[in-house]
Amino acid sequence: MIARAARGLWRATVPLLVTLAVWQAVVSLSGVPRFILPGPGLVARALWDNAGLIWQNTLWSASNLGLGLVIGIALGVETALLLALSRRARWLLRPMLVLAQAVPAFALAPVITLWLGYGMPSKIVTIALVTYFPIASALFDRLMSLPAGLRDLSRLSGAGRWRETVLLRLPHAVPGLLSGLRLAAVYGPLAVLIGEWVGASQGLGHLMLMSNGRGQTALMFAALIALSGLSLSLWIAVEALSRWSSKRLSFA
Amino acid sequence: MIAPAIHMAGSLHAGERCLIEAFELTLPAGRWSALLGPSGVGKTSLLRLIAALPCAARLDGRIAAQDSAAMAPRVAMMAQDDQLLPWAGALDNVTICARLRGERPQPERAAALLADVGLAGHETRKPSHLSAGQRQRVALARTIYEDRAIVLLDEPFSALDAMTRHAMQDLAAGLLTGRTVILITHDPAEAIRLADSAWIVTRAGIAPCPLPPTAPPRAPEAATTLTAQAALLHRMRLQLAPEAA
C-alpha cells in the first residue's frame, strides 16, 4: 500500500520536474520578459508572497465548486432515476432534456450572472448546470441498459418497477454514474473559471483576470497552479471512489 | 405444489418465415421433457412463450398448462448464461427473486440450498470469484429456491466441461424431481441422460423420440445409454440432413 503510494508519487514527480526544467530553460535561453513568461522561481515567490490571498480565493472557488457539484449530482441522479422509473416522465422530459442539452451550459453563464449577481449563487448555479447533464445522461443510459438475462429474471420474479430499479438497475448503473462523475470533474473547474471570468468579486478566475490586468503575470500563474491543484484533487477523489466501488461491486 | 402437464399445439413463426410447422405435443406432469434440436430452430422461443417473456417469434396456436391455470407465475428458469448479479454474493444471488418481489428472504433456506449444490462456505463469494461450474450451481440453487412447479432449463450445462456437466446433471436431476421440467438442449447425450421423454424439434415439426426404458438420470457410461445415444444421433442426422443441405 505504502510502496504503491510511493511509486505513484515518484511517477508524478518525474514529469513535474521535467516540466519545471523545460520551463526554466525556455525562460533563461529565450530571454522573454518576465511579464510575458515568468520563470518557475518567480511564480513560486508569487505563490509564497500571496499565500493568504490565493488561499482565500481558492477557498471561495472550492466551496462554489463543492456546492455546485453536490447540487448538480443530486439533481442529475434524481432526474435519471425518475426517467428510469416512469415511462410517463420519459415521454414528457426526454425531449426537454435533449433540447436543454443543445444549449451549451457555458453560454448561459453571462445570463445567470446577470440574473443572480456577482456572488456565490450565480457561480453555484452555473457549476450545477454544467455538471447536471453528464451525470443525468450517463446514469440514465446505464439504468436503461439492464442485460437481457437480468430483465428476464426480474420479469419472471414478478418484480415491480421500483424494486427492479433499486435492486438491479441501480447497482448495474454505478459505472454510468462514475463516468458521469468523471465528466463532472472535468467540466466543474471549467465552469468555476467561466463563471468567475464573466463576473465575480472573488475566486481564482477573478484573481487571474485581476493580476493579468495589472501585469502581475507571476501571480496569474500562481492562481492557475492553485486552480490546477483544485481540479487535480477533484480528479483524485473521483478516481478513488471509482476504484473503491468497482472493487466493492465487482465490476471491471 | 402440483406440477402440471403442458400442452403445446400450433406453429411458430418469425415475421413471415415459418420456424416450426404444425406441431402438437403434451409434456407430462412432474417429469423431465427434453426438446432437442439445432440452434436457431426456435426452441428457446417455445420456452419464452411458456414463461410469458418477450419473444421475437409468434405462435399461431396455444401453449397452456393442462390444469388451465396460468403458467407464468409457476415458472422458474435457468439459462446457459448464469444471469447472476456480479455485485452480490452467492447467498444474495439465491434470494434475489424473493427480494425483487418484496418478500422477506430466507437466508437459512438459501444457505441450505447452497450446501445442497456443494457450495457450503461460499455464501459471500461473488460470481467473479467462482468458477463457471460453481456459478451454474448458484443459478441452480436460485432456481430451486423459487420452488416453482414448472422449471425451464435453456441449455444450462452446455458451457461447462464434460465432468462438471455430468456432476451438474446428476445434481439437477436429484433436486428437481417432482416438477415439470423442460430441458432445451442440442446435445443428444444430455437428453438421453436426463429426460423421461424427448422430442426432436425441426422445421417440419416436433417428433417424439424413443428413450431407454430405465429411469433417468441414466449413467453416461452405461451401454444402454450409449446405444440409445448413438441411435438418436443417427436419427437427428437423418432428420436434419435435408435442412443442412
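What is the strand order of the open sheet of six strands in chain B, and is its pairing mixed? Hello everyone, let's start right there. The order runs E5-E6-E7-E3-E8-E9, and the pairing is mixed. By strands I mean DSSP runs of E with at least two residues, while helices are runs of H or I with at least four, and both are numbered from the N terminus. Two strands pair if DSSP finds at least two bridges between them.

Before I go on, a word on what we are looking at. This is a predicted model, in which local features need pLDDT of at least 70, side-chain atom pairs count only at pLDDT 80 or more, and totals for chains, interfaces and linings use all residues. Residues are numbered from 1 along each chain as its sequence is written, and chains are lettered from A and ligands numbered from 1 in the order in which they are written.

Back to our sheet. Strand E5 (75–79) and strand E9 (205–209) of chain B are at its edges with a single partner strand each, so one side of each has no neighbour in the sheet. From one strand to the next, the twist averages 20 degrees, with axes being lines fitted to C-alpha atoms, for helices over the stretch in contact, and angles running from 0 to 180 degrees between N-to-C directions. At the E9 end, strand E8 (residues 197–202) of chain B pairs with E9(B) in the antiparallel sense over five bridges. There, B:Ile200 has B:Ala207 in E9(B) as its bridge partner.

Chain B also has an open sheet of three strands, antiparallel, in the order E2-E1-E4. Its edge strands are strand E2 (17–27) and strand E4 (58–65) of chain B, each pairing on one side only. Direction ignored, neighbouring strands in this sheet are turned by 10 degrees against each other on average. Eight bridges join strand E1 (residues 6–14) of chain B to E2(B), again antiparallel, and B:Leu12 faces B:Ile20 in E2(B).

One residue I'd like to point out is B:Ala159, in the loop between strand E6 (150–154) and helix H6 (162–175) of chain B. B:Ala159 counts as partly exposed because it has 15 C-beta neighbours inside 10 Å; the cut-offs are 20 or more other C-beta atoms within 10 Å for buried, 12 or fewer for exposed, and partly exposed in between, with C-beta atoms placed from the backbone. Leaving out residues up to four places away in sequence, B:Ala159 touches B:Gln80 and B:Ala132, where contact means C-beta atoms, placed from the backbone, within 7 Å.

Now chain A, which has ten helices and zero strands. Of its 252 residues, 36% count as buried. Its mean pLDDT (the predictor's confidence in each residue, from 0 to 100) is 91, and 99% of the residues reach 70 or more. Helix H3 (residues 51–85) of chain A has the highest mean among the elements of that chain, 95, and helix H4 (residues 87–102) of chain A the lowest, 86.

Finally, how do the two chains meet? The contact takes 17 residues from chain A and 19 residues from chain B. On the chain A side, helix H7 (148–157) and helix H8 (161–198) of chain A are the elements giving two or more residues. H7(A) supplies the largest share, eight residues. That side divides into eight nonpolar, five polar and four charged residues. Thanks for listening!

Conventions. Contact = placed C-beta atoms within 7 Å. Nonpolar A, V, L, I, M, F, W, Y, C, P; charged D, E, K, R; others polar.
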